[in-house]
Amino acid sequence: MNLNQQNIEDLISLCKENNQKAQFEIYNRYCKAMYNVAYRIVKNEHFAEDVMQEGFLKAFTKINDFKHEVAFGAWLKRIIVNYSIDFYKKNNQFKTEDFEKTLYKLEENEIDREEKLDFNDLKVKQVLETIQSLKYNYSMILTLFYIEGYDHEEISEILKISYANCRTTLSRAKESLRKKLNEL
């Protein structure tokens with residue numbers, strides 16, 4: 001049977017035996033999705049490619065740590081997200097804002113119902129570009145929450161911030177995004 005017809009569990013078993021063809025097959029199956037994850041975080045095509053490849057290398061060296069508690073794609077995505085965030089922080093020429101030092105008081109805002117924007121009229125690309133234009137911690141938390149699908153607890157763990165700060169930062173990020181989208 002060809003490797004491209006193998007199920008993922010069989011390929012993982014072969015990867016644990018350092019089968020390079022199985023590694024290549026897994027890479028081919030997941031590279032586009034993992035590139036997109038890396039790109040949304042590092043915001044550069046070439047760096048995203050590097051981060052993705054380094055993430056795969058790390059995954060293949062740590063493949064024996066994969067315990068099937070989550071889907072393989074989710075496990076791999078977590079590696080890529082963490083590596084992307086580390087890469088971005090290390091290589092960003094601007095000082096990134098420390099999440100813990102940026103504590104915000106969570107306020108309940110009544111949004112004027114007339115000012116509500118009809119988000120259905122906006123194109124996805126506009127929304128993504130607007131998210132990327134926000135300051136780093138807002139952009140990162142919105143990307144992890146809405147695009148990558150992580151919950152508050154997972155984001156807190158990834159970004160090494162408290163659960164309360166995660167919720168507050170997400171709330172502020174949504175408000176900032178809403179304001180920018182209203183300006184469009």
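This report describes the nonpolar core and the aromatic contacts of a predicted model.

## Basis

Residues are numbered from 1 along each chain as its sequence is written, and side-chain values use heavy atoms, without hydrogens or water. In this predicted model, local features need pLDDT of at least 70 and side-chain atom pairs count only at pLDDT 80 or more, while totals for chains, interfaces and linings use all residues.

## Nonpolar core

The largest nonpolar core (buried Ala, Val, Leu, Ile, Met, Phe, Trp, Tyr and Cys residues joined through side-chain atoms within 4.5 Å) has 48 residues. I26, F56, F72, I85, L144 and L159 have the most contacts inside this core. Among the elements that give two or more residues to the core are α2 (20-42), α3 (45-61) and α4 (72-91); helices are DSSP runs of H or I with at least four residues, numbered from the N terminus.

## Aromatic pairs

Ten aromatic pairs occur in the structure; ring centres of Phe, Tyr and Trp (its six-membered ring) must lie within 6.5 Å, and planes under 30 degrees apart count as stacked, over 60 as edge-to-face and the rest as tilted. Y30 and F72 pair edge-to-face, at 5.5 Å centre to centre and 70° between the planes. Because Y30 lies in helix α2 and F72 in helix α4, this pair ties together parts 42 residues apart in sequence. F72 is buried (under 20% relative accessible area, 1.4 Å probe, protein chains only) at 4%. Y30, F66, F72 and W75 form one aromatic cluster.

## Charges over rings

K135 lies over the face of Y138, 4.8 Å from the ring centre; the criterion is NZ of Lys or CZ of Arg within 6 Å of the ring centre and within 35 degrees of the ring normal. The charged end of K77 sits over the ring of Y150, at 5.4 Å from its centre.

How values were computed:
Buried < 20%, exposed > 50% of the residue type's maximum accessible area, 1.4 Å probe, protein only.
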